[in-house]
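Visitor: I am new to protein structures. Could you show me how to read one, step by step?
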Amino acid sequence: MPSILSGNIFWARWIVLWLVLAGLLADAAAQSPRVARLKDGTAYREDRILIIPKADRAASLGRFHSQSRARVRKMFPGMGNIHVLEVPAGISAQELVNRYRQSGEVESADLDIVLTACGLPNDPRLVNGEQWHLNNFG
């Protein structure tokens, strides 16, 4: 016969689980990217831009980063040497893109456009869960 104490422990565990889950959701919401829209409706991240530096400009580009107060968040050397830059407070992403374009230090500087899938593939193995490894949001 189950005791009242075991029932209380069950509910206490559920309450703790829900509190942890609520904390994780609140943390995720606080870290969600800031998204803005261009006049044509295109969504982009306000908090970062993408650049491709010119070859052999590492030193001068580093000085330009410091002057612009931009911080390199990530580099993708195997994907055309794309750099993800954090937009500093007090400046818009578009303004920072313009500064980098005018600097002569980069091949390209652009907003980080938000892309969304318009549908799922028609592969039945994706929908039925056999390809769970493709569900990667990290």
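Guide: We will go from the overall layout to the core, and then to the surface. Keep in mind that this is a predicted model.

Visitor: How many helices and strands are in the protein chain?

Guide: Start by counting elements, then read their order. The protein chain has four helices and five strands. From the N terminus on, the order is α-β-β-α-β-β-α-β-α.

Visitor: What share of the 138 residues is buried?

Guide: Buried means under 20% relative accessible area. In the protein chain, 22% of the 138 residues are buried. Now look at the surface itself. The accessible surface comes to about 10600 Å². Carbon and sulfur atoms account for 59% of that surface.

Visitor: And the contacts? What percentage join residues at least 24 apart?

Guide: Set a lower limit on sequence separation, then ask how far apart the partners are. Take contacts between residues at least 6 apart in sequence. Of these, 56% join residues at least 24 apart.

Visitor: Which residues have the most contacts inside the largest nonpolar core?

Guide: For a core, ask about its members, then about the elements that supply them. The largest nonpolar core has 17 residues. Ile-49, Ile-51, Leu-96 and Tyr-100 have the most contacts inside it. At least two residues of this core come from each of β2 (43-53), α2 (58-68), α3 (93-103) and β5. The most come from α3, which gives four.

Visitor: What does Leu-96 touch?

Guide: Set aside residues up to four places away in sequence. Leu-96 then touches Ile-49, Ser-68, Ala-70, Val-87, Pro-88 and Ile-91.

Visitor: Let's try strand β5. Why does Val-106 count as buried?

Guide: Compare the accessibility with the cut-off, which is under 20% for buried. Val-106 lies in strand β5. It counts as buried because its relative accessibility is 8%. Next, check its partners, leaving aside neighbours within four places in sequence. Val-106 is in contact with Ile-51, Ile-52, Pro-53, Lys-54, Leu-61, Tyr-100 and Arg-101. Take Leu-61: Val-106 and Leu-61 are 45 residues apart in sequence. Their C-alpha atoms are 8.2 Å apart in space.

Visitor: Is Ile-113 buried, partly exposed or exposed?

Guide: Use the cut-offs again: partly exposed lies between 20% and 50%. Ile-113 also lies in strand β5, residues 106-113. At 35% relative accessibility, Ile-113 is partly exposed.

Visitor: Which residues form a nonpolar patch with Ile-113 on the surface?

Guide: For a patch, read the members and their combined area. Leu-38 and Leu-115 form this surface patch with Ile-113. Together the three have about 290 Å² of accessible area.

Methods:
Residues numbered from 1 in each chain as written. Predicted model: local features only at pLDDT ≥ 70, side-chain atom pairs only at ≥ 80, totals over all residues. Heavy atoms only, no water. Patch = residues over 30% accessible without salt bridge, like charges linked within 9 Å, V, L, I, M, F, W, Y side chains within 5 Å. Areas by Shrake-Rupley, 256 points an atom, 1.4 Å probe, with all protein chains shown as cover. Salt bridge = Lys/Arg side-chain N within 4 Å of Asp/Glu carboxyl O. Buried < 20%, exposed > 50% of the residue type's maximum accessible area, 1.4 Å probe, protein only. Contact = heavy atoms within 4.5 Å. Core = buried A, V, L, I, M, F, W, Y, C linked by side-chain atoms within 4.5 Å.
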